[in-house]
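Thanks for making the time this morning; I would like to walk you through one model, a piece at a time. Please have the picture in view while I talk.

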Amino acid sequence: MNDQRICAVINIGILATPKGLKAKAGTQQGEILSLKNAYLLIEDGFIKELGTGTPDLTGIKADQILDAGGRLVTPGLVDAHTHLVFGGWRAHELQQKLAGVPYLDILAAGGGILNTVGQTRKATENELFNKAAKALDGMIALGTTTVEAKSGYGLDLENELKQLRVAKQLDERHLVDVVSTLMVAHAVPSEYKHNRNAFLDLILNTIIPAVAQENLAAFCDVFCETGVFDVAESKAILLCAQAHGMRSKIHADEIDAIGGSELAGELKAISAEHLIALQDSGIASLKTGGTIACLLPATSFYLGKPYARAQNLIAAGVPVAIASDFNPGSCPSYSLQFCMNLAAYNYRMSSEQVLTSVTLNAAAAIDKAKIIGSLEAGKLADLVIWDAETLDFLFYRFGSNLVKSVVKRGILV
Ligand code: NIG
Ligand code: FE
């Protein structure tokens with residue numbers, strides 16, 4: 001990275017961005033601003049002005065001006081759901097998966113998430129930092145400028161804190177902004193296999209208060225799933241975290257619809273994630289609760305599962321965000337560009353709807369829509385210049401990185 005501070009982006013062929021400070025739902029999800037022959041002026045890392053034609057560049061040095069060469073410019077992509085910090089990989093599960101062994105069976109047999117827990121517990125903070133920083137380097141090269149990172153591979157006090165401290169350090173030391181979520185309710189660790197109530201006690205009475213005390217997470221997430229955490233357990237955990245200042249997120253209806261999305265609406269969760277097996281009652285609840293549906297198409301792709309009902313959610317007025325779910329088990333990819341392709345082809349969303357889902361709505365899903373997610377005066381200068389002249393081109397091409405340049409907080413990456 002060369003740390004070049006940018007004060008103007010000129011000669012933008014099309015500047016495409018959603019607008020506003022909140023998530024967009026229904027028809028508004030597909031309504032974006034599309035400015036031809038545009039420019040952006042940047043001051044101290046924030047957008048000062050945007051407009052069309054040639055701006056007044058008086059006082060701006062030549063090396064602070066970025067010429068977009070007639071290309072498409074969008075906001076930086078926001079990845080609102082990742083499990084960024086983990087030890088090792090799980091390539092050894094691929095053949096099991098291809099042979100048809102279900103994801104939850106691998107977990108029930110002590111593999112899956114629990115395998116990664118073992119590898120994460122063994123790793124030092126330094127090792128975890130370096131591995132996740134490398135992933136962030138890869139993400140920003142693909143256009144992602146802000147990332148949410150969940151814990152959940154520690155499953156005890158020491159190792160959950162370790163993961164969250166790494167995420168905090170990444171936020172401080174890497175150009176990509178990192179927002180943390182406590183997800184200690186990701187699986188029941190093997191030492192509590194025969195005593196899950198003691199694990200719940202540990203979460204409620206020790207881990208949530210400790211994480212709140214160190215201010216290590218803005219959100220709390222729970223894997224509400226068959227054989228993992230049921231609705232009553234999920235509710236108790238999320239209410240406890242709310243009382244400690246953490247807003248709720250839920251891994252809901254990823255494999256089975258056991259009531260996770262209904263609970264998300266009831267608790268006014270900021271977002272409900274996955275929603276592959278979502279029922280009509282879940283859609284109604286999300287709408288009532290003002291909850292954002294965070295869909296993860298690359299997980300459907302990798303697990304060979306159906307694609308979530310994006311069109312029904314949009315028609316019902318639920319804002320849709322799209323994220324990668326980057327993790328070693330159900331989605332070993334952090335490419336939001338790939339997710340965008342999958343969303344267009346499988347959710348049948350328009351280019352404009354998908355753009356909103358990976359920018360403004362994703363920002364809203366991590367409570368950052370007031371400062372990122374769109375290109376507007378007053379927001380951070382996080383943007384991507386694409387090797388594309390139209391928005392549709394991003395969705396038409398797949399499998400290669402179409403990023404030409406990324407600007408993060410006004411710095412050319
Ligand atoms: O979102 N489902 C729970 N968590 C992740 C997978 C984690 C893993 O398999 O390591 C998910 O799919
Ligand atoms: Fe996930």
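Glu233 is buried, because its relative accessible area is 14%, and the cut-off for that word is under 20%. I should say at once that this is a predicted model, so please take each value as computed from it. Glu233 belongs to helix α7, which covers residues 231-243, and, once neighbours within four places in sequence are set aside, its contacts are Arg196, Leu200 and Val228.

Let me turn to the metal. The iron ion, ligand 2, has as its protein donors His81, His83 and His251, each through NE2, together with Asp325 through OD, at 2.1 to 2.2 Å. Of these, His83 sits in the loop between β7 and α1, and Asp325 in the loop between β14 and α12, so this pair ties together parts that are 242 residues apart in sequence. His83 counts as buried, at 2% relative accessibility, and Asp325 likewise counts as buried, at 1%.

Now the domains. The chain is divided into domain 1, residues 4-75 and 374-412, and domain 2, residues 78-364, and their centres, taken over C-alpha atoms, are 29 Å apart. Between them the two domains bury about 2,500 Å², with 64% of that on carbon and sulfur atoms. On the domain 1 side, Gln29, Phe395 and Lys408 supply 30% of the area buried against domain 2, more than any other three residues. Across this interface there are two salt bridges, as well as 16 residue pairs in polar contact, and on the domain 1 side α15 gives the most, with five residues.

Definitions and conventions. Residues are numbered from 1 along each chain as its sequence is written. Chains are lettered from A and ligands numbered from 1 in the order in which they are written. This is a predicted model: local features need pLDDT of at least 70, side-chain atom pairs count only at pLDDT 80 or more; totals for chains, interfaces and linings use all residues. Side-chain values use heavy atoms; hydrogens and water are left out. Donors are N, O and S atoms within 2.8 Å of the metal (3.2 Å for Na, K and Ca); water is not among the atoms, so sites may look incomplete. Helices (H or I, at least four residues) and strands (E, at least two) are DSSP runs, numbered from the N terminus. Buried means under 20% relative accessible area, exposed over 50%, partly exposed in between (1.4 Å probe, protein chains only). Contact means heavy atoms within 4.5 Å. Domain bounds come from an automatic or database domain assignment. Buried area is the accessible area (1.4 Å probe) that two parts lose on being put together, summed over both. A salt bridge is a side-chain nitrogen of Lys or Arg within 4 Å of a carboxyl oxygen of Asp or Glu. A polar contact is a pair of N or O atoms within 3.5 Å; within protein, one must be able to donate a hydrogen and the other to accept it, and residues adjacent in sequence count only if both atoms are side-chain atoms.
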